[in-house]
Amino acid sequence: MFASLSLYAQHDEDIEKEEEKPVIEIITSGIYSSSLKEDESAYGTEIHLTYWHNEEWGGGLSYTAKFEDEETLHDIALLGSWNVTRWMTLNVGPNFGLSGEERDFEVSAYVEAEGNIRLSEWFHFGPVSGLILGENSEIILGMHLGFEF
């Protein structure tokens, strides 16, 4: 007499995964910038446009205007963005400081962290802190408003 016991059975389920849709995000920030080498500081504004491939990874552009006493400085950065958690985003990439009366064209590294307080699926706000590392390194602090579409 032989008994058969099935310990493993194959079970196929047709579970359709909900496909993640790309998201466009626009962030505007009020910032305070302070030089790490010289005794200079400025207030400014930042605008990020990010294309999120999925909930974790994205890429985009950043435009920064810093209002100094004698001129406005303009920077453009190419960003790689990573949602470390739902409440924190890390942005990194090359930063291009456009030339003006008081500075020459500069290439540096851009690193920034955003704290995201989410009030809805499409709106968040929170603190911003970052560094521009290069010939004229600086620290950046501020607050942002983010909108997702």
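## Strand pairing and charged contacts in a predicted model

A hairpin of 2 residues joins β4 to β5, in a model that is predicted throughout. The two strands run antiparallel, with 8 bridges joining β4 to strand β5, which spans residues 88–97. Within this pairing, Ile-76 stands opposite Phe-96 in β5.

Strand β4 also pairs with β3: residues 57–67 of β3 and residues 72–85 of β4 are matched in the antiparallel sense over 11 bridges. Here the connection is a hairpin of 4 residues, and Gly-58 is the residue that stands opposite Ser-81 in β4.

### Salt bridges

The count of salt bridges in the model comes to 5. Among them are the three pairs in the table, each given with the distance between nitrogen and oxygen.

| Pair | N to O distance |
|---|---|
| Lys-66 and Asp-75 | 3.2 Å |
| Asp-75 and Arg-103 | 2.4 Å |
| Glu-121 and Arg-86 | 3.5 Å |

Side chains of opposite charge can pair when their charged atoms come close. Asp-75 takes part in a salt bridge with Lys-66 and in another with Arg-103. Asp-75 lies in strand β4 whereas Arg-103 lies in the loop between β5 and β6 (106–115), so this pair ties together parts of the chain that are 28 residues apart in sequence. Are these two residues buried or exposed? Both Asp-75 and Arg-103 are buried; for Asp-75 the relative accessibility is 3%, and Lys-66, likewise at 3% relative accessibility, counts as buried because its value falls under 20%.

The salt bridge between Glu-121 and Arg-86 links distant parts of the chain, with Glu-121 in the loop between β7 (117–118) and β8 (123–133), Arg-86 in the loop between β4 and β5, and the two positions 35 residues apart in sequence. In this pair Glu-121 counts as exposed, at 62% relative accessibility, and Arg-86 also counts as exposed, at 51%. Elsewhere, salt bridges that share partners join Lys-66, Asp-75, Arg-103 and Glu-138 into one network.

### A patch of negative charge

On the surface, a patch of negative charge gathers Glu-38, Asp-39, Glu-40, Asp-69, Glu-70, Glu-101 and Glu-102. One of these residues, Glu-40, is placed in the loop between β1 (23–35) and β2 (41–52). With a relative accessible area of 40%, Glu-40 is partly exposed, and it therefore passes the requirement of over 30% relative accessible area that applies to residues of a patch.

Notes. Residues numbered from 1 in each chain as written. Predicted model: local features only at pLDDT ≥ 70, side-chain atom pairs only at ≥ 80, totals over all residues. Heavy atoms only, no water. Pairing = 2+ DSSP bridges. Patch = residues over 30% accessible without salt bridge, like charges linked within 9 Å, V, L, I, M, F, W, Y side chains within 5 Å. Areas by Shrake-Rupley, 256 points an atom, 1.4 Å probe, with all protein chains shown as cover. Salt bridge = Lys/Arg side-chain N within 4 Å of Asp/Glu carboxyl O. Lys, Arg positive; Asp, Glu negative; His and termini not counted. Charge placed at Lys NZ, Arg CZ, Asp CG, Glu CD. Buried < 20%, exposed > 50% of the residue type's maximum accessible area, 1.4 Å probe, protein only.
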